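Visitor: I should like to go through this model by way of questions. May we begin once it is displayed?

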Amino acid sequence: METVYAELPHTEDINSIITRIDPIIYGDHMYYGWKKVFYKTVDNPDAKSEKDKLIQVVDKSKPVEYDNITQQIIDTQNNGKLNAQSMLNNMNQQRFNSQIMLDNMNLQKMASQLMLEINQLKNGGNK
């Protein structure tokens with residue numbers, strides 16, 4: 001198995017951190033990618049001194065960034081999940097439609113039986 005490493009980008013952004021992620025086995029390659037998480041500075045509600053007044057927390061308003069290959073793998077997996085969910089939804093819809101058709105056929109059968117009974121009553125009952 002060949003080991004491949006994504007090239008780490010050069011960044012001077014002090015409000016982000018780039019880390020290697022767990023390896024992804026893809027075919028006969030073990031791929032080590034990276035992710036970039038953004039941080040923001042906020043007031044520390046538990047500050048015990050002036051030094052602890054500010055802290056950095058993950059900035060949830062900015063999405064995590066991945067190297068191109070890792071992002072493509074994530075997108076492929078997400079598309080597969082979406083396709084599977086879509087197929088499941090279609091199967092459920094088909095089952096629902098089949099039940100409606102069956103119910104409709106039963107209603108038509110009951111209506112036909114009622115019409116037959118009405119005609120028999122008009123003609124003086126069963127003959």
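Visitor: Is Ile 118 buried, partly exposed or exposed?
Guide: In this predicted model, Ile 118 lies in helix α1. Its relative accessible area is 40%. Buried requires under 20% and exposed over 50%, so Ile 118 is classed as partly exposed.

Visitor: Which residues make the nonpolar surface patch of about 290 Å²?
Guide: Ile 118 of helix α1 belongs to this patch. Residues three or four places apart in an α-helix point the same way, because there are 3.6 residues a turn. The patch of about 290 Å² is made by Leu 114, Met 115 and Ile 118.

Visitor: What distance does helix α1 reach from its first C-alpha to its last?
Guide: Helix α1 covers residues 68-122, which is 55 residues. At 1.5 Å a residue, 81 Å is expected. The span in the model is close to that, at 79 Å.

Visitor: Which residue caps the N-terminal end of α1?
Guide: The contact involves the backbone nitrogen of Ile 69, with a side-chain oxygen 3.3 Å away. That distance is within the 3.5 Å limit for a polar contact. The capping residue is Asp 67.

Visitor: Which residues is Val 58 in contact with, leaving aside neighbours within four places in sequence?
Guide: Val 58 is found in strand β6, residues 54-58. At 40% relative accessibility, Val 58 counts as partly exposed. Contact here requires heavy atoms within 4.5 Å. The residues concerned are Val 37, Phe 38, Tyr 39 and Lys 40.

Technical notes. Residues numbered from 1 in each chain as written. Predicted model: local features only at pLDDT ≥ 70, side-chain atom pairs only at ≥ 80, totals over all residues. Heavy atoms only, no water. Helix = DSSP H or I, 4+ residues; strand = E, 2+ residues; numbered from the N terminus. Buried < 20%, exposed > 50% of the residue type's maximum accessible area, 1.4 Å probe, protein only. Expected span 1.5 Å × (residues − 1). Polar contact = N/O pair within 3.5 Å; in protein donor to acceptor, adjacent residues only side chain to side chain. Patch = residues over 30% accessible without salt bridge, like charges linked within 9 Å, V, L, I, M, F, W, Y side chains within 5 Å. Areas by Shrake-Rupley, 256 points an atom, 1.4 Å probe, with all protein chains shown as cover. Salt bridge = Lys/Arg side-chain N within 4 Å of Asp/Glu carboxyl O.
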